[in-house]
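Please read the report below alongside the sequence and the 3D structure, and follow each part in the view as it is described.

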Amino acid sequence: MSGFHIQNNALYIDNVALSDIAAEYGTPSYVYSAQEITNQYDRLANAMKKALPADRQPLLCYACKANSNVAVLAHLRSLGSGLEIVSEGELHRGIKAGFDPQKIVSTGVGKQASEIAECLKAGIHQFNVESLPELEHIQEIASGMDKVATVVFRLNPNVTGGGHHKISTGRKRDKFGLNRRSIFKGFEMAKDMSHVNAIGLSIHIGSQVFTVEAFKQAFEKMPEIVQDLRAEGYTIDRLDIGGGFPIIYSDEDLLDLDAYAQWVNDIIVPLDTKIIMEPGRYLVGNAGVVLSKVLYVKDTQDQRFLVLDAAMNDLIRPTLYDAYHGISPVQNIDATKVLYDVVGPICETGDTFSVDRSLPIMNAGDLAVIQSAGAYGFCMASNYNTRPMPPEIFVKGDNVSVIRPRQTYNDIIDIEKIPDWIGQKG
Ligand SMILES: Cc1ncc(COP(=O)(O)O)c(C=O)c1O
């Protein structure tokens with residue numbers, strides 16, 4: 001059996017009991033299933049294979065902001081994935097993980113000079129441009145390096161998508177993309193630029209987008225603008241249709257991937273361009289858990305708290321986005337259920353993973369997992385409260401590999417310096 005499953009009333013990842021991983025590597029820890037990532041990649045690729053002609057298959061560029069550990073990246077690279085990056089750091093990760101730079105696309109509203117230069121040096125596939133000053137900046141840097149930057153312009157379609165207002169990115173008041181008028185202006189400016197080659201458009205309306213209709217609404221903005229740009233003599237060879245595919249955290253109805261693929265076939269394919277997609281969460285979200293231990297069971301008159309050793313610094317989604325995550329014991333999964341507020345040790349009420357959650361009875365020392373933590377989990381972790389960041393552990397079959405060790409207190413504290421000008425007294 002592969003992925004997360006229950007065997008003898010205990011939770012396993014592939015062939016390995018999560019309790020064995022906790023015994024060996026401690027808690028809290030992030031644990032990822034390579035097989036689950038493969039399954040999701042295949043699901044998405046197969047949906048596109050089914051709906052789109054063989055010669056029009058998209059380049060899937062994994063949005064590595066979701067989970068940027070180099071081992072996860074290398075695994076996705078081995079499946080055939082390209083990469084979407086939003087920073088110089090993510091470029092360096094992509095190179096270390098062995099991606100062909102011609103499969104890397106750079107996005108984001110605030111690309112910095114060194115980031116643009118490093119991307120040009122590496123020879124990435126394209127820059128998804130989000131503003132006209134950014135276009136001028138790219139031209140300036142590319143001309144200084146005597147390189148030609150391939151760019152596409154990100155369209156802001158004024159469509160609401162995304163499972164939470166903080167991750168909805170396609171409304172006209174959002175900071176992302178350009179409106180139609182600015183895109184025409186961008187193409188006009190690029191025509192006179194010596195080191196920029198503008199050849200397409202991109203779009204990304206948000207993350208955890210549940211309705212196919214939101215994608216459809218956004219895609220439907222494409223044909224008209226593509227035709228109008230072509231009528232002005234501009235080349236449109238590439239359409240990057242972004243990411244945003246949702247995963248199940250609770251009991252949501254999952255987006256109908258086949259219907260999505262059909263819209264891509266019906267609306268985007270006839271435009272006769274190369275197609276790029278940027279899936280993040282969908283590929284890795286359900287493939288990871290936070291493995292944690294119950295420190296205390298605290299009963300008050302009104303509440304029963306399960307105090308875990310994992311906290312909001314390890315997984316910030318519940319407090320940042322009010323996100324729901326499944327929680328389960330690792331052993332004795334069949335025990336009688338009671339209501340718990342599941343919390344971490346940090347000195348904020350927001351350090352709460354769930355309220356009034358019905359869970360099998362647990363005691364201090366028992367292990368629990370917070371599910372669906374493979375995306376926007378570890379990569380958003382911090383050292384708040386001087387808590388070391390947890391290790392990341394990758395499992396495939398019987399293989400268990402630490403792909404990032406637990407931070408030590410020295411890792412956190414040794415880089416800080418006390419200036420000479422602070423007095424000795426006290
Ligand atoms: C430009 C862009 N592409 C792709 C993604 C990935 O989104 P998701 O993880 O929902 O697929 C994001 C996420 O914020 C993004 O900003």
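## The shell around the ligand

In this predicted model, 17 residues surround the ligand, and those that come nearest are Ala63, Ser207, Gly243, Gly280 and Arg281. Taken by class, the shell around the ligand holds five nonpolar, eight polar and four charged residues.

## The closed barrel

Strands of a sheet pair through backbone hydrogen bonds, either in the parallel or in the antiparallel sense. Both kinds of pairing appear in the descriptions that follow, beginning with the parallel one.

Eight strands form a closed barrel in the order S5-S6-S7-S8-S9-S10-S11-S12, and their pairing is parallel. From one strand to the next, the twist averages 30°. As an example of one pair within this order, strand S8, which covers residues 126-129, is joined in the parallel sense over three bridges to strand S9, which covers residues 149-154. In this pair, Phe127 stands opposite Val151 of S9.

## The open sheet

A sheet of three strands, open and with antiparallel pairing, follows the order S1-S2-S3. Strand S1 (4-7) and strand S3 (16-17) are the edges of this sheet, and because each has a single partner strand, one side of each is left without a neighbour in the sheet. The antiparallel pair of S1 and strand S2 (residues 10-13) is joined by four bridges, and here Phe4 stands opposite Ile13 in S2.

## Two backbone features

Most residues other than glycine have a negative phi, and most peptide bonds are trans. Against this background, two places in the chain deserve a careful look.

Asn9, which is found in the loop between S1 and S2, has a phi near 65°, a positive value in a residue that is not glycine. The peptide bond that joins Thr27 and Pro28 is cis, with omega at about -10°, and Pro28 itself lies in the loop that stands between helix H1 (18-25) and strand S4 (29-33).

## Helices H2 and H10

Two packed helices are described by the angle between their axes and by the distance between the axes. For helix H2 (residues 34-51) and helix H10 (residues 257-268), the angle is about 50° and the axes are 9 Å apart, so the two helices are oblique to each other. The crossing in which H2 passes H10 is right-handed.

On the H2 side, the contact is made by Arg43, Leu44, Ala47, Met48, Lys50 and Ala51, while H10 contributes Leu257, Asp258, Ala261, Gln262, Val264 and Asn265. Sorted by class, the contact of H2 with H10 has seven nonpolar residues, two polar ones and three charged ones.

## Helices H4, H5 and H6

Helix H4 (residues 88-96) and helix H5 (residues 113-122) have axes that come within 9 Å and cross at roughly 25°. Because angles under 35 degrees count as roughly parallel, H4 is described as roughly parallel to H5. Where the two helices meet, Glu88, Leu91 and Ile95 of H4 are in contact with Ser114, Glu115, Glu118, Cys119 and Ala122 of H5. By class, the contact of H4 with H5 comprises four nonpolar, one polar and three charged residues.

H5 also packs with helix H6 (residues 132-145), and the axes of this pair come within 10 Å and cross at roughly 50°, which makes H5 oblique to H6. The crossing of H5 and H6 is right-handed. Ala113, Ile116, Ala117 and Leu120 of H5 make this contact together with His137, Ile138, Ile141, Ala142 and Met145 of H6. What classes of residue make up the contact of H5 with H6? The residues of this contact divide into eight nonpolar and one polar, with no charged residue.

Notes. Residues are numbered from 1 along each chain as its sequence is written. This is a predicted model: local features need pLDDT of at least 70, side-chain atom pairs count only at pLDDT 80 or more; totals for chains, interfaces and linings use all residues. A residue is near a molecule or strand if its C-beta atom, placed from the backbone, lies within 6 Å of it. Ala, Val, Leu, Ile, Met, Phe, Trp, Tyr, Cys and Pro count as nonpolar, Asp, Glu, Lys and Arg as charged, and the others, Gly among them, as polar. Axes are lines fitted to C-alpha atoms, for helices over the stretch in contact, and angles run from 0 to 180 degrees between N-to-C directions. Angles under 35 degrees count as roughly parallel, over 145 as roughly antiparallel, 65 to 115 as roughly perpendicular and the rest as oblique. A crossing is left-handed if the near helix is turned anticlockwise from the far one by less than a right angle, and right-handed if clockwise. Two residues are in contact if their C-beta atoms, placed from the backbone, lie within 7 Å. Two strands pair if DSSP finds at least two bridges between them.
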